[in-house]
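Here is a quick tour of one protein model. Have the viewer open and follow along.

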Amino acid sequence: MSRPATLSAPRRPHAVDWRIRFGVLALIWGFSFLFIKVGTAGFAPFQVTFGRLLFGTAVLAVALVVKRDRLPRGARTWGHLTVAAFLLNALPFSLFSYAELTIPSTLAGICNATTPLWGMVLSLVALSEDRPTRVRAAGLGIGFVGVLTVLGAWQGFSGLDVTGTALALLASFSYAVGWIYVRRTLAGTGASNLSLATGQVGLATLQLAVVTPLFTSLPTDVDLLPLLAVVALGALGTGWAMLLQYGVVAEVGPTTASMVTYFIPVIATAAGVALLDEHLTWNTPVGAIVVLAGAALTQTRTPSRRRPPTPQPAAPTATSPKQVAAPAAAPASRS
């Protein structure tokens, strides 16, 4: 979705090169799985998710005020944002938190990278406007082989927590469904990406504010490290990361910006092994590479045949500085 085409002033060059911001974005989202693991050591999964959303909303709200933007208007838009908040924030964030109670953060990060594969599956059952091609179908098959490699299918998934892994994969599936829903329902609302994202994450915070007290009780004591992890997860991974993403998309386009997806599982794996002493067998990195290769193929587009240009009278045009499909919440394929 894009900003209204009323912004005619040229965008000022950013003080920090987009490649540096791209790298910081990949680091933040890659470390999110480590933050979840550390956070769940001191808080219940729903509490981790609620704290993440609360701090993320705070950062986005401040940005909204600083930029003098405003929240979306219209009951229909807010209705669609409520569904998007559930599919892209409340549900997958909670599922990843529960998953990491029993699976390593490295595996959760790799499961997160399967979102493009789920999107391809949905396109095969006609739930997406993107029709499959042979290359993209091949990517789906390759990605599926990669998932089986990560899970160690040839050894009967021994030593693997099936429930935790299923929850992580379900979270990635929720991202895919959510992005298709957002593209179809929130495009052309006239609201900015920052406005929509702030409303969406704010609604997800309200959803967790209702659910969390029903299934958890206040912790008897609060350890500093898990608390800092939740604050970082929300303020950095859900708040500031979105602002970084908007800037990168605006500067280099959504295609280049989406490449961050392929760095996230690499960083998540490195962080889990180096800082959490998580065990890594050969099939995990090999399978991750295969998953990423398949995911990359599912994102290819067949170049359209262009007709010879027809001379037309010149007319003034106004293009949007941002061409993104939807307000970012975790990545298509982000956590």
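What follows walks through the fold, a cavity, a surface patch, the charge pairs, some contacts and two loop residues.

**Overall fold**

Keep in mind that this is a predicted model, not an experimental one. The protein has twelve helices and zero strands, so if you read the elements from the N terminus on, you get α-α-α-α-α-α-α-α-α-α-α-α. Of its 335 residues, 49% count as buried.

**The cavity**

How many cavities of 30 Å³ or more turn up? The count comes to one, and the volume of the largest cavity is about 50 Å³. Ten names are worth selecting in the viewer: L107, I110, C111, T114, V147, V150, L151, T165, L169 and V291 line this space. Three helices, α4 (105-112), α6 (134-151) and α7 (162-185), each give at least two residues to that lining. What is the lining like by class? Eight of its residues are nonpolar, two are polar and none is charged.

**A nonpolar patch outside**

Now turn to the surface. V222, L224, L227 and L228 together make a nonpolar patch of about 370 Å². One of them, L224, sits in helix α9, which spans residues 224-252. L224 counts as exposed because its relative accessible area is 59%, over the 50% cut-off.

**Charge pairs**

Side chains of opposite charge can pair when their charged atoms come close. In this model the count of salt bridges comes to two.

In one of them, R19 pairs with D17, and the closest N and O atoms are 3.2 Å apart. R19 is exposed, at 53% relative accessible area, while D17 is partly exposed, at 36%.

The other salt bridge joins the side chains of R21 and E251, with 2.4 Å from N to O. This pair ties together distant parts of the chain: R21 belongs to helix α1 (residues 18-39) and E251 to helix α9, 230 residues apart. Is R21 buried or exposed? R21 is buried, since its relative accessible area is 5%, under the 20% cut-off. E251, on the other hand, is partly exposed at 41%.

**Contacts across the sequence**

Some residues that are well separated in sequence can be compared by their C-alpha distances. Here are three pairs to check with the distance tool.

| Pair | Separation along the chain | C-alpha to C-alpha distance |
|---|---|---|
| G139 and G294 | 155 residues | 4.0 Å |
| N89 and T49 | 40 residues | 8.8 Å |
| A44 and S97 | 53 residues | 8.4 Å |

Take the glycine pair to begin with. G139 lies in helix α6, and this glycine counts as buried because its relative accessibility is 0%. Its C-alpha atom is 4.0 Å from that of G294.

For the next pair, look at N89, which has its place in helix α3 (residues 75-99). What is the relative accessibility of N89? The value is 0%, so N89 counts as buried.

A44 is not in a helix but in the loop between α1 and α2. With 23% relative accessibility, A44 counts as partly exposed.

**Two loop residues with positive phi**

Most residues other than glycine have a negative phi, and most peptide bonds are trans. Two residues here are worth a look with that in mind.

R68 has a phi near 55°, a positive value in a residue other than glycine. Where does R68 lie? It is in the loop between α2 (45-66) and α3. R68 counts as exposed because its relative accessibility is 79%.

D277 also has a positive phi, near 55°, and is likewise a residue other than glycine. D277 has its place in the loop between α11 (264-276) and α12 (283-298). Its relative accessible area is 68%, so D277 is exposed.

**Pulling it together**

To recap, the predicted model has twelve helices and zero strands. The lining of its largest cavity has no charged residues. The R21 and E251 salt bridge links helix α1 with helix α9, and helix α9 is also where L224 of the nonpolar patch lies.

How values were computed:
Residues are numbered from 1 along each chain as its sequence is written. This is a predicted model: local features need pLDDT of at least 70, side-chain atom pairs count only at pLDDT 80 or more; totals for chains, interfaces and linings use all residues. Side-chain values use heavy atoms; hydrogens and water are left out. On a 1 Å grid over the protein atoms alone, a cavity is a set of points where a 1.4 Å probe fits but cannot get out, and a pocket is an open set with protein on both sides within 12 Å along at least five of seven lines; lining residues have an atom within 4 Å of a point. Grid points are joined across faces, edges and corners, and a volume is the space filled by probe spheres set on the points. Helices (H or I, at least four residues) and strands (E, at least two) are DSSP runs, numbered from the N terminus. Ala, Val, Leu, Ile, Met, Phe, Trp, Tyr, Cys and Pro count as nonpolar, Asp, Glu, Lys and Arg as charged, and the others, Gly among them, as polar. Patches are made of residues with over 30% relative accessible area and no salt bridge: like charges are joined within 9 Å, nonpolar side chains (Val, Leu, Ile, Met, Phe, Trp, Tyr) within 5 Å. Accessible areas come from the Shrake-Rupley method with a 1.4 Å probe; for residues, only the protein chains shown count as cover. A salt bridge is a side-chain nitrogen of Lys or Arg within 4 Å of a carboxyl oxygen of Asp or Glu. Buried means under 20% relative accessible area, exposed over 50%, partly exposed in between (1.4 Å probe, protein chains only).
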